[in-house]
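Here is a short walk through one chain, with the fold up front and the charged pairs after that. Have the viewer open while you read.

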Amino acid sequence: MAKDRKKIDFEKMAELPPMVMSLRSMAANPTGSWRNLKPVINIGQCIQCTICWKFCPDAAIDWVDDNPVINLDFCKGCGICAEECPKKCIEMVKEGK
């Protein structure tokens, strides 16, 4: 059974608790520079199912000519795309290779 929870409303910005927040759109906030692993797609095995794109938490997968392309400016190297790929055509490789 869920506990009753009181709704919390903040009337002024000064009332918000201290937290990390972006002051601009994440589309203008590249975050891939600290990645250790990067996804590499074997396009020859890809069936264009879009599952990698659907599961990417950072929206770092674009589609170019009906193929997935990783935008490394935003990819954090989490590997969710490789894990979810039904054909296992995405390999996580050490950054710099």
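## Surface and fold

How much of the area that the chain exposes do carbon and sulfur atoms supply? They supply 55% of about 7800 Å². Keep in mind that this is a predicted model. Of the 97 residues in the chain, 24% are buried.

The chain has 2 helices and 4 strands, and going from the N terminus they come in the order β-α-β-β-α-β. Take the contacts with a separation of 6 or more: 63% of them are between residues 24 or more positions apart.

## The β2-β3 hairpin

Strands β2 (residues 61-64) and β3 (residues 67-70) run antiparallel and pair over 4 bridges. Asp62 has Val69 in β3 as its bridge partner. The two strands make a hairpin with 2 residues between them, and Asp65 in the turn has a positive phi of about 50°.

## Salt bridges

The count here is 2 salt bridges. One joins Glu95 and Arg35, with 2.8 Å between the closest N and O atoms. This pair links distant parts of the chain, 60 residues apart: Glu95 sits in the segment after β4 (90-94) and Arg35 in the segment before β1 (37-41). Glu95 is partly exposed at 33% relative accessibility, while Arg35 is buried at 9%.

Asp58 and Lys76 also meet through their side chains, at 2.8 Å from N to O. Asp58 is in the loop between α1 (51-55) and β2, and Lys76 is in the loop between β3 and α2 (80-84), so the salt bridge ties together parts 18 residues apart in sequence. Asp58 is partly exposed, with a relative accessible area of 24%; Lys76 is partly exposed, also with 24%.

Note on methods: Residues are numbered from 1 along each chain as its sequence is written. This is a predicted model: local features need pLDDT of at least 70, side-chain atom pairs count only at pLDDT 80 or more; totals for chains, interfaces and linings use all residues. Side-chain values use heavy atoms; hydrogens and water are left out. Buried means under 20% relative accessible area, exposed over 50%, partly exposed in between (1.4 Å probe, protein chains only). Contact means heavy atoms within 4.5 Å. Accessible areas come from the Shrake-Rupley method with a 1.4 Å probe; for residues, only the protein chains shown count as cover. Two strands pair if DSSP finds at least two bridges between them. A salt bridge is a side-chain nitrogen of Lys or Arg within 4 Å of a carboxyl oxygen of Asp or Glu.
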